[in-house]
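Hi there,

Here is the structure I promised to pass on to you. Have a look at it first, and then read my notes below.

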Amino acid sequence: MTATRADPVVLLAAVLDGACGPGGAFAPAELAAADRGERFPAAAHAVLREFGLAEHYVPDRHGGRFGAAAELVDLMRLVAGHDLTVAIAHGKSFLGSASVWVGGNDEQAAWLGAQLAGGTEISWGLTERGHGSDLLAGALSATRDGGRWRLDGEKWLINNATRADLICVLARTDPAGGPRGFSLFLVDKRTLPEDTFRCLPRERTHGIRGADISGISFTAAPVPATALVGAEGTGLETVLTALQLTRTVCGALSLGAADHALRLTADFLRERQVYGQTLAELPNVRHLLGRAAAGTLVAEAVMTVTARGVHTLPGELSVGSAVTKAFVPTVVDGALEQLGELLGARGFLTGAHADGMFAKLERDHRVVGIFDGSTPVNRSALIAQFPRLARTYRRPDALDGAAAAANLGTPLPPLDPKALKLVSGTGCGIVRALPDAARHARDRAAADPADRNLAAVAALATAIEDEAAELHTEIAAGMGATREVPAAAFLAAERYELCYAASACLLLWWHNPESTEPEWARACLSFVAEELALEVNLADNTDVSDSTGYEVIAAAVLETSTIGGPRPWGGGGHAG
């Protein structure tokens, strides 16, 4: 759908473009200088504050403008497409507030919404030194002290722990710990006695060098009873539920990085002359560029259906968010590696091309796969649901939620964080829709037998459908059902992610035929098939993994210099 003038994504794009000129807050030279000096990008941060981006972190029911998850994904993608440090630093307020939207009461949520809209920032205090992602090992404690609570302990490697006035802290409220031994507290640092907390020194990092990656230590810090988010003992459950939202939105950071990298690489390939022609004219270069872009489009397809699925399949987001957080940063890491090869030395040097922005974004992006649960952590979360995913794969239920997630013209129901579940009771509608989507591809090909692209899409879809059936047979044998998870389970999780991605591409192609050509679907499915190591041939025994689809995508990338480039899936699909 065409965006209107009131579309915040269009408005933010104009604001960011205006700030990219010489001396502007988002000018590459300014951002590069801040990175070299390890300075917080305050001017760029102020641009987002003036725009009111934080209002889009607050659900509309609590006075904000967060109505569609896909819209927030598009907004964060835009910012990350200019600079990841800025996007991560500002976006932390969404991560920090998500637990309140999920587990807080209306009064807390309304108060926090007003604070964020007024420019106050919030961080998320989950991890501790020595415990990493093992939240059950957390030692920071909250003890009842009359009519209030007392916090003691330390949270470390916390984004914006020093800069933010608010912090949502996971604390041990039962000395014995356990799943019901932790609670969440919305702490206002401005109200604490000065001698009861101390911000820890900022840690130097390989990427996002200007971000505030620090920590906080509490010593008998008094917080009121009203600071408790949800019921006592529900902290871990609330965090795990909120992570479904934050992990989904984190994928936008990766897509923005890929957008930026594709733009920088295309500019270089068009300009660089070798042997009397530009690099962009060399077939092998175009193939590598097209494959990197195809991977990005596959990642975008995953992001699109998962973000819309927040509304249409909320009970299944425990699966979709884990897939998205593991798959999207991994695919973008691969794309950045390929694009770096095309840039050669200019992708490594900090001053030879575009103010060294490629080297910066490549460094910055490494952290995306780590925070809010690393790739192994998310794959473990997926593996834990393997038994149910296997049981539900062939269920005959209607798949309306998957179709609505893919049809960008379908209006989305209101966001309801309370509808999120720790474990999906219905499996994964996106993957369950793969057989129907593959059948549709075969029907399209049969209706137009002369179209080799349609034939290729059908052949690829059938091969991936067969792979998905085999995979579900394997995981039905008990993989993931025991405490000792075999290494093979993680390989199976990677395969599951690719089946999810293929289904996402097919569903988007099916339900948005006016905006998606078969060449694009062919290129994306070819990427998935290559990652699955599948050999797919047409009826005449021609290998479908030729460069036809990649060439089409490479040409489109080289024809545009806009952030985002060609986007057949309609971006995040928020306009629906």
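What follows is a short tour of what turned up.

Please keep in mind that this is a predicted model. The mean pLDDT of the protein is 92, and 94% of its residues reach 70 or more. The start of the chain is another matter: over residues 1-5 the pLDDT is below 50, and beyond near neighbours in sequence this stretch has seven contacts in the model. Where pLDDT is low, the predicted coordinates should not be read in detail.

Now to the strands. Strand β2 (residues 141-145) and strand β3 (residues 148-159) run antiparallel and are joined by five bridges. If you want a pair to find on screen, try T143, whose bridge partner in β3 is R150. These two strands make a hairpin with two residues between them. In that turn, G146 has a positive phi of about 70°.

β3 also pairs with strand β7 (residues 213-224), again in the antiparallel sense, over 10 bridges. Here you can look for W149, which has V223 as its bridge partner in β7.

Finally, the cysteines. How many disulfides does the structure hold? The count is zero. C199, for instance, is in no disulfide: the nearest cysteine sulfur belongs to C168 and is 16 Å away, while a disulfide needs the two sulfur atoms within 2.5 Å. C199 is partly exposed, at 29% relative accessibility. C20 is also partly exposed, with a relative accessible area of 26%.

Enjoy exploring, and write back with any questions!

Best wishes

Technical notes
Residues are numbered from 1 along each chain as its sequence is written. This is a predicted model: local features need pLDDT of at least 70, side-chain atom pairs count only at pLDDT 80 or more; totals for chains, interfaces and linings use all residues. Side-chain values use heavy atoms; hydrogens and water are left out. Buried means under 20% relative accessible area, exposed over 50%, partly exposed in between (1.4 Å probe, protein chains only). Two strands pair if DSSP finds at least two bridges between them. Helices (H or I, at least four residues) and strands (E, at least two) are DSSP runs, numbered from the N terminus. pLDDT is the predictor's confidence in each residue, from 0 to 100. Contact means heavy atoms within 4.5 Å.
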